[in-house]
Amino acid sequence: MAGTAVVSPFPRDATAAERTVSLWSSSRVLRRAALLVVCLAGWQAGALALHNPVVPTVPEFVAAAGRELPTTIYWTSLGNTVAGWAIGLGVAALVAIPLGMVIGLSAVLDHATRTTIGFLQATPSIVLLPLVVLMYGTTLQMKIILVAMAAFWPLLIQSTYGIREVDRVAKETARSYRLRRRDRVLFLYLPSAAPFVATGLRLAASIGLAVNIAAEVLASPPGLGQQILLRTSNADDPASAFVYFITAAVLGMAIAAGFRGMERALLFWNPAHRKAAAKRARRMGSAS
């Protein structure tokens, strides 16, 4: 019919530029690979511009990594660092989370301990390194104690705050139904505080790893920090020191990513995680 526009039922083919933009916006792996390439190029350019033997070039770093990664020293050092961090974090969690919930459940304890906790939390645990070394020497126990002290405060504060933030209406409803205290703790307080505890664990894990490696550098117990200290003090092969630097950084990134993944998996019922999951699903659907 004259004057009637014909609309094709098929979508217009996207141009090559549009397809490239869509692939870039939808592919997280591609963006991260591009960022890695840019970082390596910047590293290489900076090393060549500085022309300092302490800063290796990328090929020198790759060659040093090829020498260090197959050795027993590398994997033993990595295992010692992970052991001190994991045990210290576990000890802190076993003590701080229940104690924080007890303090959060009692208004009297909360007000009585708030100033003391704030003062102790502001004191860096690494300043106690000389005292702990005198008591336990440069041993695994020394690292466990320092990591536990550093991880204790984020866990305690987050646990206490999580209990305090339980919905008032929910608490009154539980009391009106005469629920036992044990049931209120298991089915009301613990689920409500779980997101705060998860945040505390993630923060404590990162802080504990930093304190662990710092203690290894300063006191020289076995671990990644000890190898960094030895290789930077000798200055014969600075590229090998960068291997342990990068290993420590990758370990920290892996720990943070692992805790975020566990938080999403275990707290899938939390409204914040449901919104994030729905947003990711919409983004993936629009990209496909």
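**Figure 1. An aromatic cluster and the chain around it.** In this predicted model, one aromatic cluster is formed by W43, F61, F242 and F245. Two of its members turn up again in Figure 3, where F61 of helix 3 and F242 of helix 11 take part in a helix contact. Stepping back from the close-up, the chain has twelve helices and zero strands. Following the sequence from start to end gives the pattern α-α-α-α-α-α-α-α-α-α-α-α. Of the 288 residues in the chain, 33% are buried. Among contacts with a separation of 6 or more, 72% link residues that are 24 or more positions apart.

**Figure 2. An edge-to-face pair, F152 with W153.** Searching the whole structure turns up eight aromatic pairs. Here is one of them: the ring centres of F152 and W153 are 4.8 Å apart and the ring planes stand at 90°, so this pair is edge-to-face. Are these two residues buried or exposed? F152 has a relative accessibility of 14%, which places it among the buried residues. W153, at 18%, counts as buried as well, because the cut-off for buried is under 20%.

**Figure 3. Helix 3 against helix 11.** Helix 3 covers residues 58-68, and its axis comes within 8 Å of the axis of helix 11, crossing at roughly 75°. Helix 3 is therefore roughly perpendicular to helix 11. From helix 3, the contact draws on E60, F61, A64, A65 and E68, while helix 11 brings A239, S240, F242, V243, Y244 and I246. Sorted by class, the residues of this contact are eight nonpolar, one polar and two charged.

**Figure 4. Helix 4 against helix 11.** Two packed helices are described by the angle between their axes and the distance between the axes. What are these two values for helix 4 and helix 11? Helix 4 (residues 72-105) packs on helix 11 (residues 238-266) at an angle of about 40°, and the axes are 12 Å apart. The two helices are therefore oblique to each other. The crossing of helix 4 past helix 11 is right-handed. On the helix 4 side you will find I73, Y74, S77, L78, T81, V82, W85 and L89, which meet V243, Y244, T247, L251, I255 and F259 on the helix 11 side. Eleven of the residues in this contact are nonpolar, three are polar and none is charged. V243 and Y244 are worth finding in both views, since they belong to the contact with helix 3 and also to the contact with helix 4.

**Figure 5. Helix 4 against helix 7.** Helix 4 also meets helix 7, which spans residues 140-164. The two axes come within 6 Å and cross at roughly 30°. As helix 4 passes helix 7, the crossing is right-handed. The contact counts 23 nonpolar, eight polar and two charged residues.

**Figure 6. A205, a buried alanine in helix 9.** A205 sits in helix 9, which runs over residues 181-219. With a relative accessible area of 0%, A205 is buried. Which residues does A205 touch, leaving aside those up to four places away in sequence? The list is W85, L89, I255 and F259, and these four also appear in the contact of helix 4 with helix 11. Another residue to look for here is A150, which is 55 residues from A205 in sequence, with 9.4 Å between their C-alpha atoms.

**Figure 7. K143, a buried lysine in helix 7.** K143 belongs to helix 7. Its relative accessible area is 1%, so K143 is buried. Setting aside residues up to four places away in sequence, K143 touches N80, T81, N212, E216, P221 and P222. T81 is a name you have met before, as part of the helix 4 contact with helix 11.

**Figure 8. Two serines in loops, S125 and S220.** S125 is placed in the loop between helix 5 (107-121) and helix 6 (129-136). At 11% relative accessibility, S125 counts as buried. Beyond residues up to four places away in sequence, S125 touches L146, M149, A150 and V211. S220 is found in the loop between helix 9 and helix 10 (224-234). S220 has a relative accessible area of 27%, so this serine is partly exposed. Its backbone is worth a look too: phi of S220 is near 65°, a positive value in a residue other than glycine.

Terms used:
Residues are numbered from 1 along each chain as its sequence is written. This is a predicted model: local features need pLDDT of at least 70, side-chain atom pairs count only at pLDDT 80 or more; totals for chains, interfaces and linings use all residues. Side-chain values use heavy atoms; hydrogens and water are left out. Axes are lines fitted to C-alpha atoms, for helices over the stretch in contact, and angles run from 0 to 180 degrees between N-to-C directions. Angles under 35 degrees count as roughly parallel, over 145 as roughly antiparallel, 65 to 115 as roughly perpendicular and the rest as oblique. A crossing is left-handed if the near helix is turned anticlockwise from the far one by less than a right angle, and right-handed if clockwise. Contact means heavy atoms within 4.5 Å. Ala, Val, Leu, Ile, Met, Phe, Trp, Tyr, Cys and Pro count as nonpolar, Asp, Glu, Lys and Arg as charged, and the others, Gly among them, as polar. Rings of Phe, Tyr and Trp (its six-membered ring) pair if their centres lie within 6.5 Å; planes under 30 degrees apart count as stacked, over 60 as edge-to-face and the rest as tilted. Buried means under 20% relative accessible area, exposed over 50%, partly exposed in between (1.4 Å probe, protein chains only).
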